[in-house]
Amino acid sequence: MNVKIILTMLAGLLAQPALAQGFAGMGSSADGFASPSRDTRFSFPLDHAAHPDFRIEWWYVTANLTGEDGKSYGIQWTLFRSALAPHTQDNWQDPQIWMGHAAVTSEDVHLTAERFARGGIGQAGVEAQPFAAWIDDWQMAGADINAVSLSAQGTDFAYRLELTADGPLVPQGDQGYSVKSASGQASYYYSQPFYQVRGQLDLPGGSVNVHGNAWLDREWSSQPLAENQSGWDWISLTLEGGTKLMGFRLRQSDGSDFSSGTWINANGIPSPLAPGELQMTPLRRTQVFERDIPVDWQVELPNYGVDVTLKALNDNAWMDMAFPYWEGPVTITGSHEGVGYLEMTGYE
């Protein structure tokens, strides 16, 4: 049995307790792994690399793009690390499992690909400086994380993009300590929401040159969800004038939710939002892969004069992966205009 089949089976097994222990088991006990501390501060470039003492980690890029054909596109590039034990080894006994997701979305199509790898053999990994994150031939790399080349390919698409930041890295939450529940589950979380992008998409209908903006999320923890949290609705919005908004709503088994986020001004200065300050309300639902998915949303942030509607570029942006979820670009209208990305997990 080859490694890919083994890892796919393992991913399926890990997904089984999702409803009882948070989405994808992220609410399950993390005995033996490190826990985030509110007093810890980021250390760059070291924190761009992996943190094997923690159980769960990701390098997550989304981009809103416009093609030379005048059409709107979105791309996703994600590298996930999940640990079976809190250490690493440079051999086949390494307990680190790596997973990659890539997607291209337009109004008409949503194309996806998934990769699996194991640690310890060079098939996947992350280096801090020069920065490099990879799984097989998918890569995000550059002299510094603020200027990188990004590439991935699937059976029916590929992309090659250049990302250059014109703003700072932004800590989320309390100087990077992002609380996810009333009972105190948390992660370390920072973003680079100021990438400018140019590059090329290769699609079934041909190649198209694109430009736009991108957003990187870096997050790691060992138990980021409470046991009663079944999934989340997450947004990253780029508004006119360069202002940014990151927000999330974690859905709980009793029908309530826990919401938080960060308002980021055009200079990159973050203002953390208090729990419940951000309001996210589904406006329109549709059937996607036999699931009832809210694809249009009202987002309100009264203290900042925000009352906007998010509309999915493509309702069918379902990531049919080992851990399935919805992820796609959105347009923003209302009190503010702009573009962004919406991710929704835990919809069974």
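Buried here means under 20% relative accessible area, and that cut-off is the one to keep in mind at the opening stop of this tour of a predicted model.

**Strand 14 and its neighbours**

Select residues 229-239, which make up strand 14, and colour them by relative accessible area: 11 of the 11 residues are buried, so the strand is largely enclosed by the rest of the structure. Next, add residues 244-252, the run that forms strand 15, which is antiparallel to strand 14 and joined to it by 9 bridges. For a single pair to display within this arrangement, pick Ile235, whose bridge partner in strand 15 is Gly247. The two strands form a hairpin with 4 residues between them, and in the turn you can select Gly241, which has a positive phi of about 85 degrees.

Now bring in residues 338-345, strand 23, which also runs antiparallel to strand 14 and is connected to it through 7 bridges. Here the pair to pick is Leu237 of strand 14 with Gly340, its bridge partner in strand 23.

**Charged pairs**

Side chains of opposite charge can pair when their charged atoms come close. The structure holds 14 salt bridges, and the stops that follow visit some of them.

Begin with Arg115 and Asp137, whose closest N and O atoms are 2.9 Å apart in a salt bridge. This contact links distant parts of the chain, since Arg115 belongs to strand 4 (residues 110-118) while Asp137 sits in the loop between strand 6 (131-135) and strand 7 (138-144), 22 residues apart. If you inspect the accessibility of Asp137, you will find a relative accessible area of 45%, which makes the residue partly exposed.

Move on to Asp296 and Lys311, a salt bridge in which the closest N and O atoms lie 3.9 Å apart. Again the pair links distant parts of the chain, with Asp296 in strand 19 (residues 291-301) and Lys311 in strand 20 (residues 306-312), 15 residues apart. Which of these two partners is buried? Asp296 is buried, at a relative accessible area of 9%, whereas Lys311 counts as partly exposed at 42%.

Salt bridges that share partners also join Asp233, Arg249, Arg251 and Asp257 into one network, so select these four residues together as the last stop. Within this group, the side chains of Asp257 and Arg249 meet in a salt bridge with an N to O distance of 3.9 Å. Of this pair, Asp257 is partly exposed at 39% relative accessibility, while Arg249 is buried, with a relative accessible area of 12%.

Conventions. Residues numbered from 1 in each chain as written. Predicted model: local features only at pLDDT ≥ 70, side-chain atom pairs only at ≥ 80, totals over all residues. Heavy atoms only, no water. Buried < 20%, exposed > 50% of the residue type's maximum accessible area, 1.4 Å probe, protein only. Pairing = 2+ DSSP bridges.
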